[in-house]
Amino acid sequence: MAADGPIHLAELPLQQLQAVKKQMDEEIQHLTASYAQLKQAQVKFSDSIESLSNMDGRQDQSILIPLTSSLYVPGTLANVDKVIVDVGTGYFVDKSIPDAKDFYKAKVGFLKGNLETLQETITQREGQYKILIDVMNMKMNEAQAQQKDAAALAATAGGAK
C-alpha cells in the first residue's frame, strides 16, 4: 500500500535507507547526465548562431564544410541569403539568415529554461541526499553504541559469575 504522506527517514531501517541511497545515486547521475546533454545542445545552437553571423559577405569564398565532427571537405558558398536548417527528426527547412538566427535563439532560450529547472531539481535532490546520508550515519552510530553497550554488559555479566 502506498504511503499517503512524506516518508520519515528516521523511521526506516538502515537496509531500506541503503536502498533509497542507491536509488537517489542513480537519479542524481541520470539528472546530471541529462543536464550535460542539454548544455551540449545549447552550445551547438549558440555555435550555429555564431556561424550564421560569420556568413555575411562570404559568397564565392572557399570554406571547409564539416561532414562529421572530424572530417571536413573544401567547398564554396554559392548563396549566403538562405541556409538549410535542421528543425529536428530528420526535417530540414530553407530559411533566411535572420529567420535561422531567430530559430536558434528560440532553441537556446528554451534550453536555458529547461537547464535552470533541471539545475534546481539536481540541487534539491542533492540536498535530500545529504539529509539521507546524515540519517544513515546517525543510525550507524546508534547501532555501534548499542553494540558497545551490549558488549560491555556481557563483559560485566561474565565477570560477575
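Where is the place of Asp60? Look in the loop between helix 1 and strand 1, and there you'll find Asp60. Keep in mind as you look around that this is a predicted model. Asp60 has a phi near 65°, a positive value in a residue other than glycine. That's worth a pause, because most residues other than glycine have a negative phi. Asp60 also counts as exposed, because its relative accessibility is 59% and the cut-off for exposed is over 50%.

There's another residue of this kind to visit. Thr89 sits in the loop between strand 3 and strand 4, the latter covering 91-96. Its phi is near 50°, again a positive value in a residue other than glycine. With a relative accessible area of 75%, Thr89 is exposed.

Now let's head inside. The largest nonpolar core is made of 12 residues, among them Ile49, Leu52, Phe103, Tyr104 and Val108. Which elements give two or more residues to this core? They are helix 1 (14-53), strand 3 (82-88) and helix 2 (97-159). Helix 2 provides the largest share, with 5 residues. A handy way into this core is Met55, one of its members. Setting aside residues up to four places away in sequence, Met55 touches Leu77, Val80, Val83 and Ile97. Those four partners belong to the largest core as well.

There's also a second, separate core, this one of 8 residues, including Leu12, Tyr129, Leu132 and Val135.

While we're on buried residues, take a look at Leu115, which is placed in helix 2. Is Leu115 buried or exposed? It is buried, because its relative accessible area is just 6% and the cut-off for buried is under 20%. Leaving aside neighbours within four places in sequence, Leu115 is in contact with Tyr35, Leu38, Lys39 and Gln42. Pick out Lys39 from that list: it is 76 residues away from Leu115 along the chain, yet the C-alpha atoms of the two are separated by 7.3 Å.

Next, the empty spaces. Rolling a probe the size of a water molecule over the atoms shows where empty space is left. The largest pocket here has a volume of about 1000 Å³. How many residues line the largest pocket? There are 27, and the ones nearest its centre are Ser51, Met55, Ile65, Pro66 and Ile84. So Met55 turns up again: this residue of the largest core is also part of the lining of the largest pocket. Several elements give two or more residues to that lining, namely helix 1, strand 1 (62-66), strand 2 (72-76), strand 3 and helix 2. Helix 1 supplies the largest share, 5 residues. Sorted by class, the lining has 17 nonpolar, 7 polar and 3 charged residues.

The second largest pocket has a volume of about 250 Å³. Its lining includes Ile7, Leu9, Val20, Gln23, Met24, Gln128 and Ile131. Leu12 and Leu132 line this pocket too, and both are residues of the second core. The elements giving two or more residues to the lining of the second largest pocket are helix 1 and helix 2. By class, that lining has 7 nonpolar, 2 polar and 2 charged residues.

Two more residues from the lining of the second largest pocket, Glu27 and Arg125, lead us on to the salt bridges. How many salt bridges does the structure hold? It holds 2. In one of them, the side chains of Glu27 and Arg125 meet, at 2.8 Å from N to O. Glu27 lies in helix 1 and Arg125 in helix 2, so this pair ties together parts that are 98 residues apart in sequence. Glu27 is partly exposed, with a relative accessible area of 30%.

The other salt bridge stays within one helix. Asp25 pairs with Lys21, and their closest N and O atoms are 3.5 Å apart. Both residues lie in helix 1, 4 residues apart, which is about one turn of the helix. Asp25 counts as partly exposed at 27% relative accessibility, and Lys21 counts as partly exposed at 26%.

Methods:
Residues numbered from 1 in each chain as written. Predicted model: local features only at pLDDT ≥ 70, side-chain atom pairs only at ≥ 80, totals over all residues. Heavy atoms only, no water. Core = buried A, V, L, I, M, F, W, Y, C linked by side-chain atoms within 4.5 Å. Buried < 20%, exposed > 50% of the residue type's maximum accessible area, 1.4 Å probe, protein only. Contact = heavy atoms within 4.5 Å. 1 Å grid on protein atoms, 1.4 Å probe; cavity = no way out; pocket = protein on both sides within 12 Å on 5 of 7 lines; lining within 4 Å. Points joined across faces, edges and corners; volume = space filled by probe spheres on them. Nonpolar A, V, L, I, M, F, W, Y, C, P; charged D, E, K, R; others polar. Salt bridge = Lys/Arg side-chain N within 4 Å of Asp/Glu carboxyl O.
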